[in-house]
Amino acid sequence: MQNSSELLEEIQGLSDATEPTEKRYKTNDCTTEKMVELLSVNPRGLLYFRDELVGLFRRMDKPGYEQDRAFLIESWSGNGEHTDDRINRGTIRAKNLCISMLGSIQPGKLAGYLRQAISGDDNDGFVQRLQMMVYPDLPKFAYIDRWPDVEAKNRCYEIIRDLANSDFDAFSMGNDFEQDESGPFLKFDDEAQEVFEEWFMDLQSKIEAEDEHPALIEHLGKYRSLMPSLALIFHLIELADGTGQGAISKRCAIQAAAWCDYLESHARRIYGMVLDGAAIAAAVLSQKIETKKLESPFKIRTIQRKGWARLTDNSEIREAVLYLADAGWVREKEPDQKKWGRHAEPEWEINPNVFSYIH
């Protein structure tokens with residue numbers, strides 16, 4: 001048996017226990033402080049998944065949560081660093097700020113955030129960083145009762161698992177990876193580089209076009225990094241699947257360029273909800289006039305009080321009325337002359353000829 005002095009010497013020779021860390025891939029609700037802690041032990045980044053993104057957006061708009069929005073913007077590039085110093089929690093360093101966001105949001109709720117981006121006053125570039133936004137048409141319902149393709153599902157799972165567990169330093173062997181202080185990286189091969197250059201010059205022409213809205217231009221400007229990022233992802237999938245090798249291929253570059261074209265079409269549709277907001281609001285207002293749900297004369301606040309969809313914001317209503325005025329549907333009523341006091345709110349008259357064209 002060991003005596004007490006031998007036991008004490010053995011205990012003193014033991015190293016401090018290392019706290020176990022959980023390998024994480026996603027989170028659903030997280031404070032900035034906790035996110036820094038998670039990223040410090042998960043340097044490959046995390047997925048921030050919210051089924052309803054509007055909940056996250058609303059929280060970031062509350063007083064005291066401004067840092068959450070700024071932190072997500074800082075984490076967009078994937079190579080930033082963050083040091084969190086707190087009295088009780090000490091110092092926590094995250095060397096790779098890399099957060100992906102995934103979720104859904106109703107078009108009407110997203111429109112409010114798009115207006116901020118378009119107005120310029122509150123535009124911090126957050127919405128423009130949501131690069132993979134899609135607004136697809138709802139497919140026609142069709143009842144389908146069959147098993148999914150199990151072979152394809154298993155193959156997809158194996159690719160994701162292999163990528164998640166890959167040591168990219170070892171994974172790079174024979175695949176033309178290069179290394180610098182930021183880590184391993186890949187380049188385009190010669191043919192893929194030509195595809196990128198042609199795509200890039202086309203994108204630059206769109207960005208320099210005078211007929212594009214500045215908010216959309218800023219969104220498209222983010223595609224400069226989106227296209228090569230997608231090409232890299234497609235190439236890594238092929239490497240994990242055993243179907244690719246070497247530098248990023250022309251095939252992956254073409255796939256990435258096609259994806260950017262697809263995403264651009266959706267971005268234009270999404271931004272169009274606000275950019276064409278006056279026309280849409282005017283169309284709604286014209287329907288109310290046609291169905292005689294709005295009497296003549298009327299005021300802006302008269303429409304606002306009715307709470308009609310797309311006709312709740314004062315500025316949007318005013319734009320809709322001016323739009324219809326240009327089209328000859330309404331005209332501003334001559335105000336009553338006052339010698340003193342504040343001027344009354346303008347009233348608008350509906351052109352009676354509008355109803356003669358309604359069949």
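Biologist: How many bridges join strand β3 to strand β4?
Modeller: This is a predicted model. In it, β3 covers residues 80–86 and β4 covers residues 90–97, and the two form a hairpin with three residues between them. The strands run antiparallel, and the number of bridges joining them is six.

Biologist: Which residue is the bridge partner of Gly-80 in β4?
Modeller: Strands of a sheet pair through backbone hydrogen bonds, either parallel or antiparallel. Here β3 and β4 are antiparallel. The bridge partner of Gly-80 in β4 is Leu-97.

Biologist: What is the strand order of the open sheet of three strands?
Modeller: The pairing in this sheet is parallel. β1 (26–27) and β5 (99–104) each have a single partner strand, so one side of each is left without a neighbour in the sheet. With those two at the edges, the order is β1-β2-β5.

Biologist: Which residue in β5 does Leu-47 stand opposite?
Modeller: Strand β2, residues 46–52, pairs with β5 in the parallel sense over six bridges. Opposite Leu-47 in β5 stands Ser-100.

Biologist: What distance separates the C-alpha atoms of Phe-49 and Ser-100?
Modeller: Phe-49 is found in strand β2, and its relative accessible area of 29% makes it partly exposed. Along the chain, Phe-49 and Ser-100 are 51 residues apart. Their C-alpha atoms are separated by 8.2 Å.

Biologist: How many salt bridges does a search of the whole structure find?
Modeller: One of them joins the side chains of Arg-59 and Asp-68, at 3.6 Å from N to O. That distance passes because the cut-off is 4 Å. The search of the whole structure finds 13.

Biologist: Is Asp-68 buried or exposed?
Modeller: Its salt-bridge partner Arg-59 counts as buried at 17% relative accessibility. Both residues belong to a network of salt bridges that also links Asp-29 and Arg-50. The limit for the buried class is under 20% relative accessible area. At 7%, Asp-68 is therefore buried.

Biologist: How many residues apart are Asp-137 and Arg-269, a pair that links distant parts of the chain?
Modeller: Their side chains meet in a salt bridge of 2.9 Å, N to O. Asp-137 lies in the loop between α5 (107–119) and α6 (150–165), while Arg-269 is in helix α11. Asp-137 counts as exposed at 58% relative accessibility, and Arg-269 is partly exposed at 36%. The two are apart by 132 residues.

Biologist: How far apart are the closest N and O atoms in the salt bridge of Arg-331 with Glu-349?
Modeller: Arg-331 is exposed, with a relative accessible area of 57%, whereas Glu-349 counts as partly exposed at 24%. The closest N and O atoms of this pair are apart by 3.3 Å.

Biologist: Which residues gather in the patch of negative charge on the surface?
Modeller: One of its members, Glu-191, is found in helix α8, residues 190–208. Glu-191 counts as partly exposed because its relative accessibility is 48%; patch members need over 30%. The patch is made of Asp-190, Glu-191, Glu-194 and Glu-197.

Biologist: What accessible area do the residues of the nonpolar patch have together?
Modeller: The patch is formed by Met-132, Val-134, Trp-259 and Tyr-262. Tyr-262 is found in helix α11, residues 250–275, and counts as partly exposed at 38% relative accessibility. Together the four have an accessible area of about 380 Å².

Biologist: What is omega for the cis peptide bond from Ser-296 to Pro-297?
Modeller: Most residues other than glycine have a negative phi, and most peptide bonds are trans. The bond from Ser-296 to Pro-297 is cis, and Pro-297 has its place in the loop between α12 (277–290) and α13 (300–306). Its omega is near -5 degrees.

Biologist: Which value does phi of Lys-292 take?
Modeller: Lys-292 is also placed in the loop between α12 and α13. With 60% relative accessibility, Lys-292 counts as exposed. Its phi is positive, in a residue other than glycine, and the value is near 60 degrees.

Terms used. Residues numbered from 1 in each chain as written. Predicted model: local features only at pLDDT ≥ 70, side-chain atom pairs only at ≥ 80, totals over all residues. Heavy atoms only, no water. Patch = residues over 30% accessible without salt bridge, like charges linked within 9 Å, V, L, I, M, F, W, Y side chains within 5 Å. Areas by Shrake-Rupley, 256 points an atom, 1.4 Å probe, with all protein chains shown as cover. Lys, Arg positive; Asp, Glu negative; His and termini not counted. Charge placed at Lys NZ, Arg CZ, Asp CG, Glu CD. Helix = DSSP H or I, 4+ residues; strand = E, 2+ residues; numbered from the N terminus. Buried < 20%, exposed > 50% of the residue type's maximum accessible area, 1.4 Å probe, protein only. Pairing = 2+ DSSP bridges.
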